[in-house]
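This report covers two topics: the surroundings of the ligand and one sheet elsewhere in the chain. The structure is shown first.

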Amino acid sequence: MSLLSIKNLSVNYGEHAVIKGLDLSIASGEIVALFGPSGSGKSTILKAVTGLLKQTTGDVVLSGKVLNSGTVNLPTEQRNIGLIFQDYALFPHLTVFENITFGIQNVEKKARHKKGDELLALIKMAEYKNSYPHQLSGGQQQRVAIARALATQPDLLLFDEAFSNLDPQFRFELIEEIRDILKSTKTAALFVTHNQNEAFIFCDKIAVLHQGEIAQIDTPSDLFDYPVNEFVTEFIGAGVWLPAVIKSESELQSEWGPLPYKGKTDLSDRVGETIIVYLRPHQIGLNALNESDTSMAGPSFSIASERFVGEFYESTLTWHDQSIKVRTHDSFYNQKVRVRIKQPIKQVYF
Ligand SMILES: Nc1ncnc2c1ncn2[C@@H]1O[C@H](COP(=O)(O)OP(=O)(O)OP(=O)(O)O)[C@@H](O)[C@H]1O
């Protein structure tokens with residue numbers, strides 16, 4: 001049974017349907033991202049789950065308790081949901097320990113102190129017990145915010161762009177650390193983000209939101225390898241669309257030459273059919289064009305735009321009205337190149 005179940009959720013702002021009959025469930029201990037472009041409805045869903053906004057239709061049930069329905073709209077404080085924001089929202093005049101134990105003041109002192117110390121150890125901040133928020137880094141403040149939310153043993157944690165303010169250098173380490181904390185405490189979470197890397201690292205599943213509907217919900221690797229439609233494919237990363245003909249169960253033929261295929265769809269009885277594939281930068285390598293070598297297939301490209309990023313060069317290949325940025329170790333600036341397909345195609349579009 002799902003821990004969180006959202007069924008047929010619709011939210012309208014006046015005439016504007018912002019969420020359109022959305023279904024989403026989160027299992028116990030699962031971390032799920034709501035990932036989508038600006039305006040796709042992420043915050044609106046979050047507000048409906050927290051009770052800050054009344055849904056137009058639909059049901060939200062958490063741990064068997066009805067939070068929202070046609071007749072119920074439970075107040076936020078009765079939902080047993082922990083909220084983590086990007087600005088940490090710690091109480092500035094309370095110490096780390098007082099912040100963490102703020103929500104459990106009704107618990108008897110000895111048990112409260114034991115719980116506070118356990119949580120300090122969990123977030124690896126025992127030595128900051130008596131520090132104040134302004135004495136902490138952003139990452140430390142966010143760890144305290146999570147410990148404070150965990151103290152009340154919420155059924156679900158909601159993260160609203162919670163890592164956006166953190167220094168990119170430390171952000172991913174902290175995200176992994178917080179994921180470990182949630183997994184060790186078997187805490188389920190819904191993470192709202194427009195940052196793909198964060199969603200991939202932090203979450204078990206990612207729900208891609210498009211215009212108020214879930215376009216796809218999958219594990220990060222399945223989302224990357226098997227996007228279900230054009231929107232998800234392009235939203236997950238830049239690339240080039242190419243038509244190709246099925247040659248066999250493991251090979252396609254395109255204008256860029258032969259493409260190895262290793263996907264879930266069985267192509268063995270579709271030989272001869274034309275399909276569409278999407279090539280991403282990591283699948284493409286470049287070879288300098290050797291005019292005397294006629295064995296290489298595919299068109300040649302002139303590299304007129306290249307930038308040196310430090311660890312690699314990024315060359316722009318232009319193909320009709322599409323372009324793609326390919327990473328290479330060597331510079332190909334002002335040279336003619338052919339593409340080399342480094343990884344097989346997994347998804348095909350009919
Ligand atoms: N109070 C409101 N009144 C009218 N329309 C609103 C209101 N709040 C949001 N909207 C509209 O609802 C749609 C979804 O907004 P929402 O804030 O949920 O998107 P989002 O995915 O969270 O975007 P962002 O990533 O920019 O925060 C947008 O078209 C927005 O303009």
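A residue counts as near the ligand if one of its heavy atoms lies within 4 Å of it. The model is a predicted one.

**Ligand surroundings**

By that cut-off, the residues around the ligand are Tyr13, His16, Val18, Pro37, Ser38, Gly39, Ser40, Gly41, Lys42, Ser43 and Thr44. Three of the shell residues are nonpolar, seven are polar and one is charged. Two elements, β2 (16-26) and α1 (42-50), each contribute at least two residues to the shell. The largest contribution is that of α1, with three residues.

Polar side-chain atoms of several shell residues lie at the following distances from ligand atoms.

| Residue | Ligand atom | Distance |
|---|---|---|
| Tyr13 | nitrogen | 3.4 Å |
| Lys42 | oxygen | 2.8 Å |
| Thr44 | oxygen | 2.5 Å |

On its own, the ligand has 640 Å² of accessible area, and the protein covers 58% of this.

**A three-stranded sheet**

Strands of a sheet pair through backbone hydrogen bonds, in either a parallel or an antiparallel manner. One open sheet in this model has three strands in the order β15-β20-β16, and its pairing is antiparallel. β15 (284-288) and β16 (300-302) are the edge strands, each pairing on one side only. On average, neighbouring strands of this sheet are turned by 45° against each other, direction ignored.

The antiparallel pairing of β15 with β20 (residues 336-341) runs over five bridges. In one of the bridges to β20, Ile284 has Ile341 as its partner.

Notes: Residues numbered from 1 in each chain as written. Predicted model: local features only at pLDDT ≥ 70, side-chain atom pairs only at ≥ 80, totals over all residues. Heavy atoms only, no water. Polar contact = N/O pair within 3.5 Å; in protein donor to acceptor, adjacent residues only side chain to side chain. Areas by Shrake-Rupley, 256 points an atom, 1.4 Å probe, with all protein chains shown as cover. Helix = DSSP H or I, 4+ residues; strand = E, 2+ residues; numbered from the N terminus. Nonpolar A, V, L, I, M, F, W, Y, C, P; charged D, E, K, R; others polar. Pairing = 2+ DSSP bridges. Axes fitted to C-alpha atoms, helices over the stretch in contact; angles between N-to-C directions.
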